Amino acid sequence: MKNVAVIGAGTMGNGIAHTFAQSGFKVQLIDISEASLKRGMDTISKNLDRMVAKDKITEADKAETLGNITTYTSIPEGVEYASLVVEAATENIDLKLKIFKQLDEACPEDTILASNTSSISITQIAAATSRPEMVIGMHFMNPVPIMKLVEIIRGYNTSNEVTSTIMDLSKQLGKVPTEVNDYPGFVANRILMPMLNEAIETLYNGVAGVEEIDTVMKLGMAHPMGPLQLADFIGLDICLSILNVMYDGFKNPKYAPCPLLVNMVMAGKLGVKSGEGFYDYSESRKADKVSSQFLK
Ligand SMILES: NC(=O)c1ccc[n+]([C@@H]2O[C@H](COP(=O)([O-])OP(=O)(O)OC[C@H]3O[C@@H](n4cnc5c(N)ncnc54)[C@H](O)[C@@H]3O)[C@@H](O)[C@H]2O)c1
């Protein structure tokens, strides 16, 4: 496997492109506009600078990594020679189904199609293609170059061969792949999201304040980041959408999103990305502080 196309140059897409390129793969990074691609490439460059400053890589490694990435605004052009496509576009079911249909038509017939979705059914995405046995979930964690886990999600029809190829490939990236089956929330979010939702519910019930809840979980449970800060970091809209997928998928009230979370999303308080969530990130320095604390 030499050519890997990555769809979406946002938070996850640029991290995925960075990780493959640093491991020597040729990466075709695809987004809808030159502006999004530039933002993605600037982020990769800044993250590589941070690694150079920490002596983890050399300037030559940085140049080689950047040289391995080519950008495209057209899916058919970007995927022409891809052995693998990793889709990391916006979390929207209609958009993902449209992209996978397009990928199925444009990619060579032996190309494996992976999605980085946090919550959408891999089986449903696979059904939009004529190769469901070659569709799989590759759920990287944020920030991708740092986090070791890749949750590998087998759709109902995903073949053993494709699963073992993707498990081996993830190891080549220095990651630890973990195989799970395709049910709402997979494993990571099925366990994480109820905890974040419960932290919000605890705040909503007036049991304690934001800082207090986060301090209890950081110092009491040795979590690197409190649950409310983590929800801000992930994006409150993303947390809400994942909880809704589990609520609908399992028809179980234990996944019902807290009304405070619903209200904050409706009010546009989405966390770090909107400048305000449970914490105030209005000065850009504060948002940086959150990410660098997480990256330590
Ligand atoms: N943010 C996280 O912490 C996180 C963690 C794990 C998985 N995910 C998943 O990763 C995926 C991407 O999330 P993100 O946080 O990077 O989102 P993001 O909003 O930062 O980036 C999405 C990118 O997709 C691009 N895009 C939209 N439509 C496109 C199209 N038709 N073709 C090409 N590019 C298109 C957008 O322009 C944008 O640059 C989602 O499925 C999300 O659920 C996110």
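**Exercise 1. The pair Glu-179 and Arg-154**

Task: Determine what joins the side chains of Glu-179 and Arg-154, and where the two residues lie.

Solution.
Step 1. The side chains of Glu-179 and Arg-154 form a salt bridge, with 3.6 Å from N to O. A salt bridge here is a side-chain nitrogen of Lys or Arg within 4 Å of a carboxyl oxygen of Asp or Glu. The model is a predicted one, in which local features need pLDDT of at least 70, side-chain atom pairs count only at pLDDT 80 or more, and totals for chains, interfaces and linings use all residues. Residues are numbered from 1 along each chain as its sequence is written, and side-chain values use heavy atoms, with hydrogens and water left out.

Step 2. Arg-154 belongs to strand E7 (residues 149-154) and Glu-179 to strand E8, so the salt bridge ties together parts that are 25 residues apart in sequence. Helices (H or I, at least four residues) and strands (E, at least two) are DSSP runs, numbered from the N terminus.

Step 3. Glu-179 is partly exposed, at a relative accessible area of 42%, whereas Arg-154 is buried at 17%. Buried means under 20% relative accessible area, exposed over 50%, and partly exposed in between (1.4 Å probe, protein chains only).

**Exercise 2. The salt bridges of Lys-96**

Task: Find which residues form salt bridges with Lys-96, and state how buried each participant is.

Solution.
Step 1. Glu-87 is one partner of Lys-96, and their closest N and O atoms are 2.6 Å apart.

Step 2. Glu-91 also forms a salt bridge with Lys-96, here with the closest N and O atoms 3.6 Å apart. Glu-87, Glu-91 and Lys-96 are therefore linked in a network of salt bridges.

Step 3. Glu-87 is buried at 0% relative accessibility and Lys-96 is buried at 1%. Glu-91, at 23%, is partly exposed.

Step 4. The count for the structure comes to 9 salt bridges.

**Exercise 3. The sheet**

Task: Give the strand order of the sheet, name its edge strands, and describe the pairing of E2 with E3 and of E4 with E5.

Solution.
Step 1. The sheet is open, has 8 strands in the order E3-E2-E1-E4-E5-E6-E7-E8, and its pairing is mixed. Two strands pair if DSSP finds at least two bridges between them.

Step 2. Strand E3 (69-72) and strand E8 (176-181) are the edges, each pairing on one side only. From one strand to the next the twist averages 25 degrees. Axes are lines fitted to C-alpha atoms, for helices over the stretch in contact, and angles run from 0 to 180 degrees between N-to-C directions.

Step 3. Strand E2 (residues 26-30) runs parallel to E3, with 4 bridges between them. In this pairing, Leu-29 stands opposite Thr-71 of E3.

Step 4. Helix H1 (residues 11-22) packs on the sheet and touches E1 (3-7), E2, E3, E4 (84-87) and E6 (135-140). The direction of H1 makes about 165 degrees with that of E2. Contact means heavy atoms within 4.5 Å.

Step 5. E4 and E5 are parallel and joined by 4 bridges, and Leu-84 has Ile-112 in E5 as its bridge partner.

Step 6. Within E5 (residues 112-115), Ile-112 and Ala-114 point one way, Leu-113 and Ser-115 the other way, and all are buried.

**Exercise 4. Two buried polar residues**

Task: Describe the surroundings of Asp-104 and Ser-36.

Solution.
Step 1. Asp-104 is in helix H5 (residues 93-106) and is buried, with a relative accessible area of 14%.

Step 2. The side chain of Asp-104 makes a polar contact of 2.7 Å with the side chain of Arg-131. A polar contact is a pair of N or O atoms within 3.5 Å; within protein, one must be able to donate a hydrogen and the other to accept it, and residues adjacent in sequence count only if both atoms are side-chain atoms.

Step 3. Neighbours within four places in sequence aside, Asp-104 is in contact with Leu-113, Thr-129, Ser-130 and Arg-131.

Step 4. Ser-36 is in helix H2 (residues 34-53) and is buried at 13%. Its side chain makes a polar contact with the side chain of Ser-33 (2.7 Å). Not counting residues up to four places away in sequence, Ser-36 touches Ala-9 and Asp-31.

**Exercise 5. Cysteines**

Task: Explain why Cys-239 has no bond to Cys-258.

Solution.
Step 1. A disulfide is a pair of cysteine sulfur atoms within 2.5 Å.

Step 2. The cysteine sulfur closest to that of Cys-239 is in Cys-258, 12 Å away, which is too far for a bond. The structure holds 0 disulfides.

Step 3. Cys-239 is buried at 2% relative accessibility, and Cys-258 is buried at 0%.
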